[in-house]
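Colleague: I would like to go through this model with you. Could we begin with the sheet and then turn to other regions?

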Amino acid sequence: MSEHPRDRFDLIPDLAAETAFEAARDRGRLHHAWLLCGVEGTGKASFAYRAARRLLGAVPDPTRGPLGARPGDPVSQLVAAQSHPDLMVLERLVEGGKTKKSISVDQARELPEFFSKSPSRARYRVAIVDAADDLNSNAANALLKVLEEPPARGVLLLVTHAAGRLLPTIRSRCRRLAFPVWTPVALEQLLRDRAGLAAEEAGRIAGLANGSPGAALALASGATLEADRLARSWVEATMVDRAEALKIADGFRGVEGQARFETLMDRLSAAVKVRALEGGPGQGGRWAELWTRLSELPDRTAGLNLDRGDVLAGALADLARTKAAG
């Protein structure tokens with residue numbers, strides 16, 4: 001399992017964003033709602049937790065950046081344990097081993113009650129919505145009501161991967177912070193420093209991460225790195241070992257199995273995408289079509305409650321047909 005953003009202390013997502021946020025706080029002009037914008041994996045959620053720790057009174061640690069805090073600080077420990085009384089996090093719930101498709105209106109309706117109370121341990125009460133894109137329409141309207149009547153000593157941190165899809169009335173009531181993609185050089189250095197990878201492996205993973213430090217760190221984790229290697233071997237091999245695939249499918253049960261399935265399908269889709277980009281006009285088109293189909297499978301599997309092992313078998317059969325087509 002990859003490291004959760006609330007547990008990251010040494011990753012500085014964007015120095016300019018942190019400096020702007022800290023400057024506003026120091027001047028006493030902290031906006032009540034911040035829209036954290038950028039493609040998925042650029043560190044927006046990590047920033048939200050870093051900002052929350054400081055707003056909740058964690059002792060600063062300048063060696064970890066403008067919003068750095070000490071991991072051993074009591075506030076940091078409460079946030080890590082998801083038990084700080086002045087912090088609320090809205091995200092998609094997991095029920096019965098499945099992650100729900102959206103953040104419900106019932107979850108969003110908890111925000112007004114949360115902000116109606118005075119902070120119990122800190123100067124502020126903080127809510128993180130990760131991600132605002134996951135709010136269903138009713139939940140988005142419930143959030144809008146909070147934004148229309150800004151809470152005293154309350155701060156909302158809204159993570160969004162596609163700000164243009166949010167209600168204009170939500171966007172207009174937030175101060176925006178943009179999180180740009182990282183350069184391959186910066187990603188490679190991150191992987192060498194944080195994951196201890198050699199230069200060659202760090203460079204390869206940096207090239208796969210599409211500018212996302214979150215994706216790069218996830219790829220560098222043991223399970224994800226192994227899934228990536230396996231997926232690439234399946235794409236490159238003449239034939240896939242069916243017994244090996246069946247053995248892997250046996251591990252797809254439960255919540256952890258869902259995570260393994262989604263990780264493997266993500267890496268298989270990425271490996272096919274590379275093949276599509278490398279292929280000629282005719283061959284590349286067939287691989288691009290396969291990439292599109294594979295990219296849709298995780299959501300389709302969850303939405304229709306399909307057997308993950310059967311889905312993997314079907315994906316590998318589709319892969320074999322694409323290879324056979326030349």
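Modeller: The model is a predicted one, and the discussion below covers the sheet, the cores, the cysteines and a few single residues.

Colleague: In what order do the strands of the sheet run, and how do they pair?

Modeller: The open sheet is formed by 5 strands in the order β2-β5-β6-β1-β7, and the pairing is parallel. At the edges are β2 (87–90) and β7 (175–178), each of which pairs on one side only. From one strand to the next the twist averages 20°.

Colleague: What about β6: is it buried or exposed?

Modeller: Strand β6 covers residues 154–160, and 7 of its 7 residues are buried, so the strand is largely enclosed by the rest of the structure.

Colleague: Which residues point which way from β6?

Modeller: Gly154, Leu156, Leu158 and Thr160 point one way, while Val155, Leu157 and Val159 point the other way; all of them are buried. In general, side chains of a regular strand alternate between the two faces of the sheet.

Colleague: Which strands pair with β6, and over how many bridges?

Modeller: Strand β1 (residues 33–37) pairs with β6 in the parallel sense over 5 bridges, and Leu35 stands opposite Leu158 there. Strand β5 (residues 125–130) also pairs with β6 in the parallel sense, over 6 bridges, with Asp130 opposite Val159. Between β5 and β6 the chain passes through helix α6 (residues 137–148), and this β-α-β crossover is right-handed.

Colleague: And how many bridges link β2 and β5?

Modeller: Strands β2 and β5 pair in the parallel sense over 4 bridges. Leu87 stands opposite Val126 in β5. As for helices on the sheet, α1 (residues 15–26) packs there and touches β1, β6 and β7. The direction of α1 makes about 150° with that of β7.

Colleague: Let us move to the interior. How many residues does the largest nonpolar core have?

Modeller: The largest nonpolar core has 29 residues. Those with the most contacts inside this core are Phe21, Leu30, Trp34, Leu36, Phe47, Val126 and Leu157.

Colleague: Which elements supply the core?

Modeller: At least two residues of this core come from each of α1, β1, α2 (44–55), α3 (74–80), β5 and β6. The largest share, 6 residues, is supplied by α2.

Colleague: You named Val126 twice. What does Val126 touch?

Modeller: Not counting residues up to four places away in sequence, Val126 touches Ala52, Leu55, Leu56, Asp86, Leu87, Met88, Phe114, Phe115, Val155 and Leu157. Leu87 is thus among the contacts of Val126, and Leu87 is also the residue that stands opposite Val126 in the pairing of strands.

Colleague: What does the second core include?

Modeller: The second core is separate and has 28 residues, including Val105, Ala139, Ala140 and Leu144.

Colleague: A change of topic: how many disulfides does the model have?

Modeller: The count comes to 0 disulfides. Cys37 is in none, and the nearest cysteine sulfur to that of Cys37 belongs to Cys174, 8.6 Å away. A disulfide would require the two sulfur atoms to lie within 2.5 Å, so this pair does not count as one.

Colleague: Are those two cysteines buried or exposed?

Modeller: Cys37 counts as buried, because its relative accessibility is 8%. Cys174 is buried too, with a relative accessible area of 12%.

Colleague: Now for Arg8. Where is Arg8 found, and what is it in contact with?

Modeller: Arg8 is found in the segment before α1. With a relative accessible area of 9%, Arg8 is buried. Its neighbours within four places in sequence aside, Arg8 is in contact with Glu3, Ser46, Arg50, Arg53, Gly214 and Leu217. Arg8 and Tyr49 are 41 residues apart in sequence, and their C-alpha atoms are 8.5 Å apart.

Colleague: Gly214 and Leu217 appear in that list. How many residues are buried in α10?

Modeller: Helix α10 (residues 213–220) is mostly covered, with 7 of its 8 residues buried. Gly214 and Leu217 are among the buried residues, as are Pro213 and Ala216.

Colleague: Finally, is Val185 buried or exposed?

Modeller: Val185, which lies in helix α8 (residues 184–194), counts as exposed because its relative accessibility is 64%. Val185 and Gly203 are 18 residues apart in sequence and 8.0 Å apart in space, C-alpha to C-alpha.

Methods: Residues are numbered from 1 along each chain as its sequence is written. This is a predicted model: local features need pLDDT of at least 70, side-chain atom pairs count only at pLDDT 80 or more; totals for chains, interfaces and linings use all residues. Side-chain values use heavy atoms; hydrogens and water are left out. Buried means under 20% relative accessible area, exposed over 50%, partly exposed in between (1.4 Å probe, protein chains only). Two strands pair if DSSP finds at least two bridges between them. A crossover is right-handed if, with the strands pointing away from the viewer, the path from the first strand over the helix to the second runs clockwise. Axes are lines fitted to C-alpha atoms, for helices over the stretch in contact, and angles run from 0 to 180 degrees between N-to-C directions. Contact means heavy atoms within 4.5 Å. A nonpolar core is a set of buried Ala, Val, Leu, Ile, Met, Phe, Trp, Tyr and Cys residues joined through side-chain atoms within 4.5 Å.
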